[in-house]
Amino acid sequence: MTHTITTPAPIVTPEGFLTHWQGHRRLTRRVIEAFPEDQLFTFTAAPPMRPFGTLAWEIHQVSELTLDGLLTGTWTEPDWRRGTGTDRAELLAEWDALSTRLEENFAAVDPAFFGQQHALPWGQMSGWAATIYTIDNEIHHRGQGYVYLRALGIEPPAFYER
């Protein structure tokens, strides 16, 4: 009698995870675009919360830090003062450049790296937890953007259309 050993399929493949992450990035980009130019970096529905443009720069920096950490093993403290511009075109150009870097470089991440513990600026995490945190942070701040858009009388993009 021959026994076949099967390995269970992963819940998500690296390719599937990248597709998921990029879907969130596309949706957040559409939220950035939905803001009136004069409100993106100034409006907040609940001071002292930050304007969505500022939150979008934070999302960008955390995503950039995560990709760099996954590729190099180095998790540097972001310079939060960098990336605090008030120009939508600059933000979107940086956003698109990082989306391209993700597409081109994510496959180079060693799958074993996701299970290893790493010292991030905000504590010890596995590569997997750090990557999930990055997406969770984006979802959290994008939700704030939805509230701001609604406060401005603007219907935000459908969250399920990523």
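Contact means heavy atoms within 4.5 Å. The legends below describe views of a predicted model.

**Figure 1. Trp-80 in the loop between α2 and α3.** Leaving aside neighbours within four places in sequence, Trp-80 is in contact with Glu-58, Gln-61, Val-62 and Trp-122. One of these partners, Gln-61, is 19 residues from Trp-80 in sequence, and the two C-alpha atoms are 7.9 Å apart. Trp-80 has a relative accessibility of 35%, so it counts as partly exposed, the range for that class lying between 20% and 50%.

**Figure 2. Tyr-133 in helix α4.** Tyr-133 is in contact with Val-62, Trp-122 and Met-125, with neighbours up to four places away in sequence left aside. Val-62 and Trp-122 also appear among the contacts of Trp-80. The relative accessibility of Tyr-133 is 29%, and the residue therefore counts as partly exposed. For a distance across the model, Glu-103 may be taken as the second point: Tyr-133 and Glu-103 are 30 residues apart in sequence and 19 Å apart between C-alpha atoms.

**Figure 3. His-60 in helix α2.** The relative accessibility of His-60 is 1%, so this residue counts as buried, the cut-off being under 20%. Not counting residues up to four places away in sequence, His-60 touches Glu-94, Trp-95 and Leu-98. Helix α3, residues 88–105, has the highest mean pLDDT among the elements of the chain, at 97.

**Figure 4. Helix α1, residues 14–34, and its buried residues.** The helix has 21 residues, which at 1.5 Å a residue should span 30 Å; the end C-alpha atoms are 30 Å apart, so the two values agree. Buried residues of α1 include Phe-17, Leu-18, Trp-21, Leu-27, Val-31 and Ile-32. Also among them are Gln-22, His-24, Arg-25, Thr-28 and Arg-29. The buried residues of α1 pack against α2 (52–72), α3 and α4. Gly-16, also in helix α1, has a relative accessibility of 27% and so counts as partly exposed. The C-alpha atoms of Gly-16 and Glu-64 are separated by 19 Å, with their positions 48 residues apart along the chain.

**Figure 5. The largest pocket.** The space in this pocket is about 210 Å³. Ten residues line the largest pocket, and those closest to its centre are Val-12, Thr-13, Pro-14, Phe-114 and Trp-128. By class, the lining comprises nine nonpolar residues, one polar residue and no charged residues.

**Figure 6. The cis peptide bond from Pro-47 to Pro-48.** The omega angle of this bond is near 15°. Pro-48 lies in the loop between α1 and α2.

**Figure 7. Helix α4 and the segment after it.** Helix α4 covers residues 127–151. At 1.5 Å a residue, its 25 residues should span 36 Å, and the end C-alpha atoms are 37 Å apart, which agrees. Gly-153 follows α4 and has a positive phi, near 80°. Glu-155 is placed in the segment after α4. With a relative accessibility of 64%, Glu-155 counts as exposed, a class that requires over 50%. Between the C-alpha atoms of Glu-155 and Val-31 the separation is 9.9 Å, although the two residues are 124 residues apart along the chain. Val-31 is one of the buried residues of α1.

**Figure 8. The chain as context for the close-up views.** The chain has four helices and two strands, in the order α-α-α-β-β-α along the sequence. Its C-alpha atoms fill a box of roughly 70 × 35 × 25 Å, taken along the principal axes. Of the 162 residues in the chain, 43% are buried. Among contacts with a separation of 6 or more, 74% join residues 24 or more positions apart. The average pLDDT of the chain is 91, and 93% of the residues score at least 70. Among the elements, strand β1 (residues 117–120) has the lowest mean pLDDT, at 92. Where pLDDT is low, the predicted coordinates should not be read in detail.

Conventions
Residues are numbered from 1 along each chain as its sequence is written. This is a predicted model: local features need pLDDT of at least 70, side-chain atom pairs count only at pLDDT 80 or more; totals for chains, interfaces and linings use all residues. Side-chain values use heavy atoms; hydrogens and water are left out. Buried means under 20% relative accessible area, exposed over 50%, partly exposed in between (1.4 Å probe, protein chains only). pLDDT is the predictor's confidence in each residue, from 0 to 100. The expected span of a helix is 1.5 Å times one less than its number of residues. On a 1 Å grid over the protein atoms alone, a cavity is a set of points where a 1.4 Å probe fits but cannot get out, and a pocket is an open set with protein on both sides within 12 Å along at least five of seven lines; lining residues have an atom within 4 Å of a point. Grid points are joined across faces, edges and corners, and a volume is the space filled by probe spheres set on the points. Ala, Val, Leu, Ile, Met, Phe, Trp, Tyr, Cys and Pro count as nonpolar, Asp, Glu, Lys and Arg as charged, and the others, Gly among them, as polar.
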